[in-house]
There are 2 protein chains.
Amino acid sequence: MNIEIVTIGDELLLGFTIDTNAAHLARELAALGVRIVRRATCGDDASSIQAAVREALQRTGAVITTGGLGPTADDMTKPAIAEIFGQAMVLDPEILTNLQERWRKRFNHELPVSNHQQAMVPLGATILKNNHGSAPGIWLEDADGKWVAMLPGVPREMRGMVADTILPRLRDRLPSDGPVIRSRTLRTANIAESALADRLGELARGVNGLSLAYLPGNDGVDLRLTSWDRDARGTSSALEAAAALVRAKVEPFIYGEGDDDLAAIMLAECAARGATVAVAESCTGGMLGMRLTAVPGSSRTVLGGTIAYANEVKIRELGVPAELIADQGTVSEAVARAMASGVRQRFGSTIGFGITGIAGPDGGTPEKPVGTVWVAVDLAGEVHAVRAILPGDRFEIRWRAAQLALDRLRKTFARDTDATGWTSRS
Amino acid sequence: MNIEIVTIGDELLLGFTIDTNAAHLARELAALGVRIVRRATCGDDASSIQAAVREALQRTGAVITTGGLGPTADDMTKPAIAEIFGQAMVLDPEILTNLQERWRKRFNHELPVSNHQQAMVPLGATILKNNHGSAPGIWLEDADGKWVAMLPGVPREMRGMVADTILPRLRDRLPSDGPVIRSRTLRTANIAESALADRLGELARGVNGLSLAYLPGNDGVDLRLTSWDRDARGTSSALEAAAALVRAKVEPFIYGEGDDDLAAIMLAECAARGATVAVAESCTGGMLGMRLTAVPGSSRTVLGGTIAYANEVKIRELGVPAELIADQGTVSEAVARAMASGVRQRFGSTIGFGITGIAGPDGGTPEKPVGTVWVAVDLAGEVHAVRAILPGDRFEIRWRAAQLALDRLRKTFARDTDATGWTSRS
């Protein structure tokens, strides 16, 4: 099945809002074997919406739109598309009642008259229930089976409705053994794209007919294998085999798959070992703590930490000797180690992280350019430190520094096969 | 001038990468008065690229593409578009030499043979210099003045090249007094969209022919005024007047304009007052520290802080009385105040922040549902606390909590007209 996506919104076309909806739709639909053959963005006005949707209907006959279902004057999606299908707009009393109840309950307020347009629907439309917001979606189909599904633009609502109302409908219309597009992603950290390609050798350009894409990012380089033409069962085994071949070549650098978050993986490993964590951060300013505590359930493992942005704080709170800073510099192996051990001892945790570096854009020198970072991990008294010169702007250097620290812990865990001794060492 | 944008990449169509390039291009071009009339995304293969670009050339005659200029087998942009213009591909010796020097200098390695394709260009093309990466851009134009500009897909490189090579070229081709599209954004915090609309009254739907868009986000609701049809000079004064009218209605809630970052604004206010800052964070886990230290130059103001994720840390490091936690609960006004004052006294800063809350998805109760957050700001001994029930998922609740804390400081500063007394009070 081929589908086209039209994302509606002046703010998208003007570039003030990033289009995340199209990407989400594409991922979800590809997994069903539904191919997005075209994706377009148009403005809020009725004529732009009609032009883009009419073309898509003529070309492909199956269209999903996002946006333009709100209560303001620039929400024209429903009337514009109703006109394409030659349908009038009518007031749906059930939707109106739901909206009124919602406003009374949430805002203790009567539904503003301007919001009544959210209860108007094209005649003959199927209502798509929105469990995540107020505006319902609309499915409109003609006698030839050409259809348009109109979804809200708010990302959280759109995603919920795709799962609740769109995927089930499309699944019903698909042959159960048709070709599907599926991908499998291996996530690597702290190795460059070209070094990965070198290690992969002849696998670098693709594996057994599956494509291999290199996706560099602040978390590291993701390797994505994609199968385009096999049916569901064939796809699974082809991806499995290809992933195994790739792993065999670059295993030490792989920390997870798909959407795996290295912080979540490290927290799980800590929890399995009964280990607790404290962080001491200079240049990252709290970013590592934020990464770790972003994971639900992290309170089992994360005690907290010290943001030691000023040197006096490193000295006073973490016990880093002033002479060490004067002698070796704030950004040095010795200071990183002292921070990691200092916070571990002070917080009484199993593991202490220390991060010190130059996030830029100022502060670099020829010996220590912008991006220079020392990261140390104290695991029950055993300290490992690593230095890197990280690329990018201030945000990217800080994010990559936190990722480097998490990866340093991962490597320490990977090397240590004795998982029993944490509580006895301190 | 009308332009179309085509972003190239399977990973975009599959939804694994968010398209930020199109948005950036649109913003930059709109400021010149260049109207993006269509935006599309297509896959990596030559035939998809050709179909999308051919249509755009026929419809509009001016196209910018991003992506597909790399060294791998799936980088087909140049040969595909060269074919549309009926041009052969030739090796550019200067580009080849530059690439070879780059590899020797950066990687101490010879240029891999596969990368030679980055030195191939369509015959007759104009090279667009890339100061931010290895692959140059390409400008190809036919005898009728129809053109395609091919830019790299890597966002940082693309943005640099737009500024360096595209905007100057387009400026030369535009009438100096033509219509421009310009926007002005007023940023508000901690007030709902509907409450803003209520206060704006008849301005809510637009001001003097300028459109008004409500853009809710985790930082708060942005109000965007856009002028579509005036020339450069008329636009500026119209936006100025409209912004003043809007400000008059909602001034207390506005913290900045455009891309203003509330953390940066607060840091500037602190620096102007000679004030220093320390943070005590529970549910935000370091996110407020990260927001503040994300700003270059923050070391002038930010001493650091304590991530007090576990209650024992609040007690030991911040001096929060254990009985207070037992009595009122971790998420309470008293604990937020004790955290703010505790970190201020311990770090010797002018200002202390305390944040405690329930970020979810678990941990909520009927009395304190998920999203309940208490934020306190201790400004030289004067403490203000505020409670909110913040919407969204874990990330959104934490981000909004940090924003609430920054806004609480903003309101404290706004009320206090005596900016002289900080160093004397402590």
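**Strand pairing, sheet and pocket in the predicted model**

V6(A) has A40(A) as its bridge partner in β2(A). The model is predicted. This pair belongs to strands β1 (residues 2-8) and β2 (residues 35-42) of chain A, which are joined by 7 bridges. The two strands run parallel.

β1(A) and β2(A) are neighbours in an open sheet of 12 strands. Both chains contribute to this sheet. Its order is β6(A)-β7(A)-β8(A)-β3(A)-β1(A)-β2(A)-β2(B)-β1(B)-β3(B)-β8(B)-β7(B)-β6(B). The pairing is mixed. The edges are formed by β6 (126-128) of chain A and β6 (126-128) of chain B, and each of these strands pairs on one side only. Direction ignored, neighbouring strands of the sheet are turned by 20° against each other on average.

In chain B, helix α4 (residues 77-84) lies across four strands of the sheet. These are β1 (2-8), β3 (62-66), β7 (137-141) and β8 (147-151) of chain B. The helix runs at about 175° to β8(B).

A further feature is the second largest pocket, which holds about 430 Å³ of space. Its lining comprises 22 residues. S299(A), Y309(B), G357(B), I358(B) and A359(B) lie nearest the pocket centre. Residues of both chains are therefore found in the lining, as S299(A) and Y309(B) show. Two elements of chain B, α11 (311-318) and β15 (351-357), give two or more residues each to the lining. By residue class, the lining of this pocket divides into 9 nonpolar, 10 polar and 3 charged residues.

Terms used:
Residues are numbered from 1 along each chain as its sequence is written. Chains are lettered from A and ligands numbered from 1 in the order in which they are written. This is a predicted model: local features need pLDDT of at least 70, side-chain atom pairs count only at pLDDT 80 or more; totals for chains, interfaces and linings use all residues. Side-chain values use heavy atoms; hydrogens and water are left out. Two strands pair if DSSP finds at least two bridges between them. Axes are lines fitted to C-alpha atoms, for helices over the stretch in contact, and angles run from 0 to 180 degrees between N-to-C directions. Contact means heavy atoms within 4.5 Å. On a 1 Å grid over the protein atoms alone, a cavity is a set of points where a 1.4 Å probe fits but cannot get out, and a pocket is an open set with protein on both sides within 12 Å along at least five of seven lines; lining residues have an atom within 4 Å of a point. Grid points are joined across faces, edges and corners, and a volume is the space filled by probe spheres set on the points. Ala, Val, Leu, Ile, Met, Phe, Trp, Tyr, Cys and Pro count as nonpolar, Asp, Glu, Lys and Arg as charged, and the others, Gly among them, as polar.
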